[in-house]
Amino acid sequence: MGTVKLGENMEIKVEVIKKACSMAMKAHKYPEKQYLFDKIKSSSPEVVFSFAGSLSVHDWFAGGSFGDMEVDRRLFPSLKYVGLDEIGRVNEAFFKRFKAVLANPKFELEVKKAVDDRRKVVFTGHSSGGAIAILATVWFLEVNSRLPNFIEPLCLTFGSPLVGDRIINIALRREKWSRCFVNFVMRLDIVPRISLSPLSSIGHQLQRVLDYFNQNPQQPPADAPDFYETVVKNASSVANYAACKIMGSTNPLLETASSFIELSPYRPLGTYVFCTGTGKLVEISNADAVLQVLFYSSQLSTEEEKVPVAQTSLRDHLNYENYLKECLRTPIVTSLFHLHQEAPPVTSTANVDMDLNDLGLSERASLCLRAAEALERQKLRNQNTIDGKQIDIEKCLGNLEKYKSSCAHKAGYYDAFKSSDQKEDFHANVNRLELAGIWDEIIEMLKRHELPDEFEGQKKWIRLGTRYRRIVEPLDIANYYRHLKNEDTGHYMGKGRPRRYKCTQKWREHAEKLRDEFPGSCFWAEVEELWIRSGSQGTRESILQLKTKVEKWIGEEEVGDDVLLENSTFMKLQRQHGLAS
Amino acid sequence: MDTESSTFETTEMLADFLASTPLLSESWRLCNLANQNSPVGFVANQVGSVGYVAFSGTLFVSGSDPSFKNLVCLPVRDGAGNYLFVPLHDKNEGEEPVLVQGALLRIFENMYSNPSFQNQISTLVKTSKSVIFTGHSIGGTTASLAALWLLSYIQSNSANLSVLCITFGSPLLGNETLSRAILRERWGGKFCHVVSKYDLMPRILFAPLDPIGPLIKLLLKFWHLYMTSPHCGPLDVQRNEEFMAEIFQFVLIHLRGLVEAGEEAVTGMFRPFGNYLFCSGDGAICVDNAAAVIKMMYLLLETGSPSCSIEDHLKYGDYVGRISSQFLEKKSFMLGELPESSYEAGVALALQSLGISSQEPVAGPAEDCLQAARRMGRTPNLNCANLAIKLSKINPYRAEIEWYKALCDRSDDQMGYYDSFKQRGASKRDSKVNLNRHKLARFWDDVINLFESNQLPHDFHRHGKWVYSSQFYKLLVEPLDIAEYYRTGMHCSKGHYINHGRERRYQIFDRWWKGRNVRDEDNRRSKFASLTQDTCFWAKVEEARGLLDDVRSVRDQRHSALLWEKIDCFASYAKTLVEAKEVSIDVVAKNSSYSLWLKDYNEMKLQMLRFRPQFSSFMNGEIVP
């Protein structure tokens, strides 16, 4: 049997998709089992775990408008926007169900055995079972991705609702996990769109719809058209709002109006494979584009279509197995984006127009897709611009390193800079300011999501950030206490520490799986605070503690050994407390 | 960065977004309610966490002039003496004051002085997280004024409340200064005026209505009658073809004249503000550039007819209903090939939504109009990023001034940087500092220009980076500006610095600094601040010095007492500042202007007390002459 090629370097065996789909459907029949577990063939390397869905409203929305919650940081330490420390949000109800699976010791054991046997683990699920599969896959990646000889898992969902917000998607892309997630969606399937509606607007109808999925009677419920309309309307709000953003609208009315309504936080993640209904599969892996397709592909051509389309939107949710069987006989997957190739704007070529037609997309939709594509290109260009600044950064850092060593015959560069009475100190300050300008700009771009999602995972930037923080932060602290800013804004570590240092510290901590602790580059802030508290209770003990930490930091190169120079403030502080040797 | 390849036309997308929310239909529902049966002229209602206040469009002010020609000043205080619309009155020199239409203002004032209105609003403000003011026709201007009033109120109380104003077919309200003040306060995004394709009402005030006063009166009567009882069916307008055609032509001609005269605003003329959501039977677009709004009003009206221009004022229910349900159906582009460029394709689709086909003669001008409305050049975020780069380039100049201050503070002449700069010679260092001062001033003036012309993100003045940078700049450099002012004797020709010489940028930075979301904590300083926290301190010293000189030459005792009162007031103020160490070390340098003044002051005070002992008791107010 053949394979399905997704994007540039992703291939999935057709038999895996088929097996996963059938197991995903089968799992519903054994709700008491939480999950099913099987190999494809005894000889094949894949092991499939499939999760049952639930058809009770409480298992979809845990309360509130969208039932979202901050992710459990212990279970999912990577699901955040690292530098700015924004924690991702996931659907609470799905998360609870996943926790229940995880609480089953058998599950973890079986997964572990599969890893030990060096098998490729495939998580799958249909409907809300797909949501569990997604969370299970993230968990699996968190636990295993750093092991030697790690084999990438695969997550195949069929008609899954949305699980997490945009931060989750960014995090998966940063960790390079995004490609493990492949979501199959029938063009009209209502379920992935339901996540874009606040519960208040669909509450009373949702249970009837879920009941329909459960009992699968001949006729969909009578209010299916109303339900469809409500869901599409909410989807249109979210998609139009997002489209204004990706098209670069800066009209303040957009923000004002959006603060008056509830917009779903959920966004697609991973790769989407849309089943067009004409026997084709269309792949999209740009989350902005997927969101637009989710809305635009559910628009009607004529008013008369409303009832039949609304009914299909429910029926199709149960149709994956049959449809895919048909479709995968001669699998042709076209991709809407070829970002990394120097192709002309994709949306203007005849082939793609056909795909857009098959997905039922209008000209307005294709314009939104162009915008999503343009934004991604723009982010890559921004990254290039920023990369170009590396030389400037290196140059300034070089100057400051020279400054540091030139001060080593005095009391060290911290104290020299704090008193700032030489021309060199002034030049060092100019370098410090120049660097601050560049780094602040990077932080601003991160805040506005103007850099590629992968940016925060790039080793070269993490290294450069660490080097910058170690050399320059002491100067910022010196400047802070020199100007007594602590008396305006409180101590440095409280409100005084610039984001550029917090951010670069977080990058390193995340990349090296360190705990969030007091960074060595803030050593001088601690010294200054102890100096201010001189003589009060406990200061001596704190100095002793700091002394032990300094040794560790010097070993790790977090702190230079110039802090131990005879006349440095640190040594003076020790002498003052009778602690110097 | 190239912006061309990634520009998109978003006027239509924004309108689609608004139409997909319940905001428009909910507002219209309440407007209708207010029009039809509201004895008090408004309806207040809470939907979810959003409070709605809808004003009736059928209120008449007795004795008001039907030609609407009277523009009056926006009031500064209400009947009880409370300040109103404070931020809006903050105009530039030489600008016309903020003017609004008199009769429309009166309707709001009547509403405002109604205790029941006040009560309901304050309840609504307490119970909701956000408030929407809305109104149809003349109710729209009442809603706008109410929103402006609440926005001003919130600003002075820093309450956390979102305000939005949605009007339907509202007449124009005020002049260019009002429009500009709203932009300056960054309130443009709080106003969304829904205007149907042909509706005459929003356009009517572009024309001087005196010559057709009686006709307008008739027209308003007709509209009001229909609005209060929409079910009477079409009234006898059809018979009045002639009267309708006359009004229509009259407004159209004046509107054309205005558009042809170019973009320059005329004093004494009405000017739109906020966003205009133009809707047709085929969709809607949202435009926020005043010049483009006027032009679009003209172009759309030109495609209409007298009767539809009058009926359209009554059809907002249909329009809102239609655009609110358009999300469900695919809108295909039937008018031939879409342009290859994303931007042009967006424009073509926007025109389609306005119901303009590319064959129509207005298509070309309408396209031009949208293109002109699009913010030219870089987007605000890009501008902001660029400014950040410029800031980091300009920072070394600031560092040089800091360095200069440090050198002066350490120098043997013990004058501090204020006096050193004021008495500077022709040394290279001094002129370098002066040059840097100019460079920094130019940079910050540019920042303010960009900000006020809406080319920066709307919350720019809330970005910590900019608030802190501007404050730091002000602390460091304003003393030098003051030094320069008094060095060159400007105070003799123009008057003292604080009231007559202070650059506008410093006032703006004061506002930014106060507007930041942190509470000032009471921190005691252990050493002198690195920069004097009151940036006008030196100007106050100069004024006090002037007062001491005056007091020497004054013979009249009462005048002299008055001067002494002022002098003592400053002396005690300065003393508290110095004691709290809120000043920088240079203030108390041995030979600083302040130290010299203080010496002078103490001596004179001593002298005065010695020779005129009765004076001190007089000063204490015990003897009433």
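This passage describes the internal cavities, an annotated domain and one helix of a predicted two-chain model.

In the predicted model, the count of cavities of 30 Å³ or more comes to 10, and the largest cavity holds about 140 Å³ of space. Of the 16 residues that line the largest cavity, those closest to its centre are Phe295(A) and Gln299(A) from chain A, together with Asp16(B), Gln326(B) and Phe327(B) from chain B. Four helices each supply at least two residues of this lining, namely helix 8 (224-246) and helix 10 (287-296) of chain A, and helix 1 (11-20) and helix 12 (316-325) of chain B. Among the contributors to the lining, helix 1 of chain B provides the largest share, with 3 residues. In terms of residue character, the lining of the largest cavity divides into 7 polar, 5 nonpolar and 4 charged residues.

In chain A, an unreviewed UniProt entry lists residues 399-575 as "domain: EDS1 EP". Over residues 399-575 of chain A, the chain is 68% helix and 0% strand, and the C-alpha atoms at the two ends are 32 Å apart.

In chain B, helix 24 covers residues 593-611 and comprises 19 residues, reaching 27 Å from its first C-alpha to its last, which is close to the 27 Å expected at 1.5 Å a residue. Within helix 24 of chain B, the buried residues include Ser593(B), Tyr594(B) and Ser595(B), and Trp597(B), Tyr601(B), Met604(B) and Met608(B) are likewise buried.

Terms used:
Residues are numbered from 1 along each chain as its sequence is written. Chains are lettered from A and ligands numbered from 1 in the order in which they are written. This is a predicted model: local features need pLDDT of at least 70, side-chain atom pairs count only at pLDDT 80 or more; totals for chains, interfaces and linings use all residues. Side-chain values use heavy atoms; hydrogens and water are left out. The expected span of a helix is 1.5 Å times one less than its number of residues. Buried means under 20% relative accessible area, exposed over 50%, partly exposed in between (1.4 Å probe, protein chains only). UniProt positions are given in the numbering used here, feature names are shortened, and annotations may be inferred rather than shown by experiment. On a 1 Å grid over the protein atoms alone, a cavity is a set of points where a 1.4 Å probe fits but cannot get out, and a pocket is an open set with protein on both sides within 12 Å along at least five of seven lines; lining residues have an atom within 4 Å of a point. Grid points are joined across faces, edges and corners, and a volume is the space filled by probe spheres set on the points. Ala, Val, Leu, Ile, Met, Phe, Trp, Tyr, Cys and Pro count as nonpolar, Asp, Glu, Lys and Arg as charged, and the others, Gly among them, as polar.
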